[in-house]
Amino acid sequence: MRIETNIQIDRFCDLHQIDISFIEELASYELVKLVPEAESTCILVDEIPSIEKMIRMHQQLDINPAGIDAIFHLLDKLDQKETEIFKLRTRLNLYD
């Protein structure tokens, strides 16, 4: 049984009822990695949950791709800080 690792961008956009240009704009901000294949451009299946989150931000909250880029950048920074705090607490617990 073959497991799909990519989905064609036009198929994905049809399923989610969005313009291909939206995904291409996300790719221009390096939020999505597009993979060229023989037939068409594809999206990695692993990125679908993240892309769906971006679509919801765009459709439900009316956030443009530049805003989505800023939000994902801040979420990444927050993740880094949480990891750093966890490591520091672990080190601090060694001295208790």
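The following legends describe close-up views of a predicted model.

**View 1. The whole chain, with four helices and three strands.**
Read from the N terminus, the elements of the protein follow the order β-α-α-β-β-α-α. Along the principal axes, the C-alpha atoms occupy a box of roughly 60 × 40 × 20 Å. The radius of gyration is 18 Å, whereas a compact globule of 96 residues would have a value near 12 Å. Buried residues account for 24% of the 96 residues, and among contacts with a separation of 6 or more, 56% join residues that are 24 or more positions apart.

**View 2. The largest nonpolar core, with its 19 residues.**
Within this core, Phe 12, Ile 23, Leu 26 and Ile 68 are the residues that touch the most other members. Two or more residues each come from α1 (9-16), α2 (20-28), α3 (48-61) and α4 (65-94), and the element that gives the most is α3, with five residues. For Leu 26, once the neighbours within four places in sequence are set aside, the contacts are Leu 31, Val 32, Met 54, Pro 65 and Ile 68; Ile 68 thus appears both in this list and among the core residues that touch the most other members.

**View 3. Helix α1, with its buried residues and its exposed residues on opposite sides.**
The buried residues of α1 are Ile 9, Phe 12 and Cys 13. Because these residues cover an arc of only 95° around the axis, they lie on the same side of α1. Arg 11, Asp 14 and Leu 15, on the other side of the helix, are exposed. The packing partners of the buried residues of α1 are β1 (6-8), α2, β2 (34-36), β3 (41-44) and α3, so that both strands and helices are represented among them.

**View 4. Cys 13 and Cys 42, two cysteines that form no disulfide with each other.**
The structure as a whole holds zero disulfides. For Cys 13, the closest cysteine sulfur is that of Cys 42, and because the two sulfurs are 11 Å apart, they are too far from each other for a bond; the cut-off for a disulfide is a pair of cysteine sulfur atoms within 2.5 Å. Seen from the other partner, Cys 42 is in no disulfide, and its nearest cysteine sulfur is that of Cys 13. Cys 13 is buried, with a relative accessible area of 2%, and Cys 42 is likewise buried, with a relative accessible area of 2%.

**View 5. Asn 6 in strand β1.**
The relative accessibility of Asn 6 is 14%, and this residue therefore counts as buried, given that buried means under 20% relative accessible area. The side chain of Asn 6 is joined to the side chain of Glu 37 by a polar contact of 2.5 Å. When the neighbours within four places in sequence are left aside, Asn 6 is in contact with Val 35, Glu 37, Cys 42, Ile 43, Leu 44 and Val 45. Glu 37 therefore figures in this view both through the polar contact and in the list of contacts, while Cys 42 is the buried cysteine of the preceding view.

**View 6. Ser 28 in helix α2.**
With a relative accessible area of 55%, Ser 28 is exposed. The side chain of Ser 28 reaches the backbone oxygen of Glu 25, at 2.6 Å. Ser 28 and Pro 65 are separated by 37 residues in sequence, yet their C-alpha atoms are 9.3 Å apart in space. Pro 65 is also one of the residues in contact with Leu 26.

**View 7. Gln 17 and Glu 30, two loop residues with a positive phi.**
Gln 17 is not a glycine, although its phi is positive, at about 55°. Helix α1 is followed by Gln 17, which is found in the loop between α1 and α2, and at 71% relative accessibility Gln 17 counts as exposed. Glu 30, which is not a glycine either, has a positive phi of about 60°. The place of Glu 30 is the loop between α2 and β2, and with a relative accessibility of 72% Glu 30 counts as exposed.

Key: Residues are numbered from 1 along each chain as its sequence is written. This is a predicted model: local features need pLDDT of at least 70, side-chain atom pairs count only at pLDDT 80 or more; totals for chains, interfaces and linings use all residues. Side-chain values use heavy atoms; hydrogens and water are left out. A nonpolar core is a set of buried Ala, Val, Leu, Ile, Met, Phe, Trp, Tyr and Cys residues joined through side-chain atoms within 4.5 Å. Buried means under 20% relative accessible area, exposed over 50%, partly exposed in between (1.4 Å probe, protein chains only). Contact means heavy atoms within 4.5 Å. The arc is that of the directions from the helix axis to the C-beta atoms. A polar contact is a pair of N or O atoms within 3.5 Å; within protein, one must be able to donate a hydrogen and the other to accept it, and residues adjacent in sequence count only if both atoms are side-chain atoms. The radius of gyration is taken over C-alpha atoms; the globule rule is 2.2 Å times the number of residues to the power 0.38.
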